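User: Could you walk me through this model and explain the reasoning behind the labels you use?

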Amino acid sequence: MRAAAFTELTGPEGVSVIERDEPEPGPGEALVDVEACAINRHDLWILEGDSAMVDADDLPFVTGLDVAGVVSDVGDDVRGVAPGDKVVLCPNQTCGSCRFCREGPENMCERFSLYHGGLAETARVEADRLVPLSDGVDATTAAAIPTAYMTAYHMLRRAEVGPADLVFVPGATGGVGVAAIQLADTLGAETIGSSSSAAKLERVRELGLDHGIQSTDIDELREAVDEIGAPDAVINHLGGEFTDLGQTVMRRGGRMVICGRTAGGESTIRVANLFLGHKRVIGSTMGTQDDLRRLVELTADGELTPEIDETYPLEETDAAFAAMQNRDSVGKIVVEP
């Protein structure tokens, strides 16, 4: 089978299409003929050599979390899925035995990790991580859901966002940002989003954004948000200096949820502002398999349409990562093996 592998951790030029042996399913496993696999900032960090998960000793390395396609074979002791089923993978990998696996939520597993291997014609996966797809949800749409939309959905839940809340999403034109805007809109919340691009903001307005701010300057953003109103919640997938921004603009008793570090791995917390303002800063990683099932249902019911910027064939996976690296896209980038 063909796979788009990282052969050098140098950026998009380090992607090569290679041949690999067709996998065999073990006990509890299934093979999926991959029709679509979205890429994420997590994958790009690996490709750029900016991840502790993968180093030169692991090459060639096949990434790809967000797998959708058709089950082609199953191993022993598999129940619930069978060859011919249309499915999407929940990429969470958990130990199954710690207190969080027993009591939930599963994404707090003490040994939490993520699936890799979807940028290939066939993926070998844990069968019990597969979520069925109805005829109303195609594979490309389904592949856009797991990482970005699960993450945003779980963040909105942890921020306790409800109708009439004001939600600030800095960096509203990336995968998680777009997902947060769309999902907040389905909850009846009002949204503020920022981007360096007026054209990108206009696209996100079409997806439900209420207030767009064209700037990446922290002081300009702070002033613009203050003019709109104090957010009840901040969905922060950037980290860095955007953490201080989110903390200072949100209202008394506000909630900020953080899931990423695109803008920097260290942030400043204003301690007095935090406790005197009764504010909360919450860390969040991915979501749960039940979150994914709910998002698939929303998509099947027409209440959610995941935004896909562009699709690429497997041979052009390097171009897909170049587009992500250059921040050319709005929404998800999907590879179709």
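**Salt bridges, burial and a sheet**

Analyst: Happy to! Let's start with a pair: arginine 251 and aspartate 232 form a salt bridge, their closest N and O atoms lying 2.6 Å apart. This is a predicted model, where local features need pLDDT of at least 70 and side-chain atom pairs count only at pLDDT 80 or more, while totals for chains, interfaces and linings use all residues. Residues are numbered from 1 along each chain as its sequence is written, and side-chain values use heavy atoms, with hydrogens and water left out.

User: Why is the contact between arginine 251 and aspartate 232 called a salt bridge?

Analyst: The term asks for a side-chain nitrogen of Lys or Arg within 4 Å of a carboxyl oxygen of Asp or Glu. Arginine 251 and aspartate 232 have their closest N and O atoms 2.6 Å apart, so the label fits. The structure holds 17 salt bridges.

User: What makes aspartate 232 buried or exposed?

Analyst: Buried means under 20% relative accessible area, exposed over 50%, and partly exposed in between (1.4 Å probe, protein chains only). Aspartate 232 has 13% relative accessibility, so it counts as buried. Its partner arginine 251, at 29%, therefore counts as partly exposed.

User: How do you know which salt bridge links distant parts of the chain, and where do aspartate 291 and arginine 157 sit?

Analyst: Aspartate 291 forms a salt bridge with arginine 157, with the closest N and O atoms 2.4 Å apart. This pair links distant parts of the chain, as aspartate 291 lies in helix 10 and arginine 157 in helix 4 (residues 145-158), 134 residues apart. Helices here are DSSP runs of H or I with at least four residues, strands are runs of E with at least two, and both are numbered from the N terminus. Aspartate 291 is buried because its relative accessible area is 2%, whereas arginine 157, at 47%, is partly exposed.

User: Why are arginine 293 and aspartate 290 separated by about one helical turn?

Analyst: Because they are three residues apart in helix 10. Their side chains meet in a salt bridge (2.7 Å, N to O). Arginine 293 is partly exposed because its relative accessibility is 35%, and aspartate 290 is exposed because its value is 52%.

User: What makes strand 12 and strand 15 edge strands?

Analyst: Six strands form an open sheet in the order 12-11-10-13-14-15, with parallel pairing. Strand 12 (211-214) and strand 15 each pair on one side only. Two strands pair if DSSP finds at least two bridges between them.

User: How do you know that strand 10 and strand 13 pair?

Analyst: Strand 10 (residues 166-169) and strand 13 (residues 233-236) run parallel and are joined by two bridges. The definition asks for at least two, so they pair. Within these strands, valine 167 stands opposite alanine 233.

User: What makes valine 281 eligible for the nonpolar patch?

Analyst: Patches are made of residues with over 30% relative accessible area and no salt bridge; like charges are joined within 9 Å, and nonpolar side chains (Val, Leu, Ile, Met, Phe, Trp, Tyr) within 5 Å. Valine 281 has a relative accessible area of 34%, so it passes the accessibility cut-off. Ile269, Val271, Phe275, Leu276 and Val281 form the patch, with about 450 Å² of accessible area together (Shrake-Rupley method, 1.4 Å probe; for residues, only the protein chains shown count as cover).

User: Why is glutamate 307 called buried?

Analyst: Glutamate 307 has 17% relative accessibility, and the limit is under 20%, so it counts as buried.
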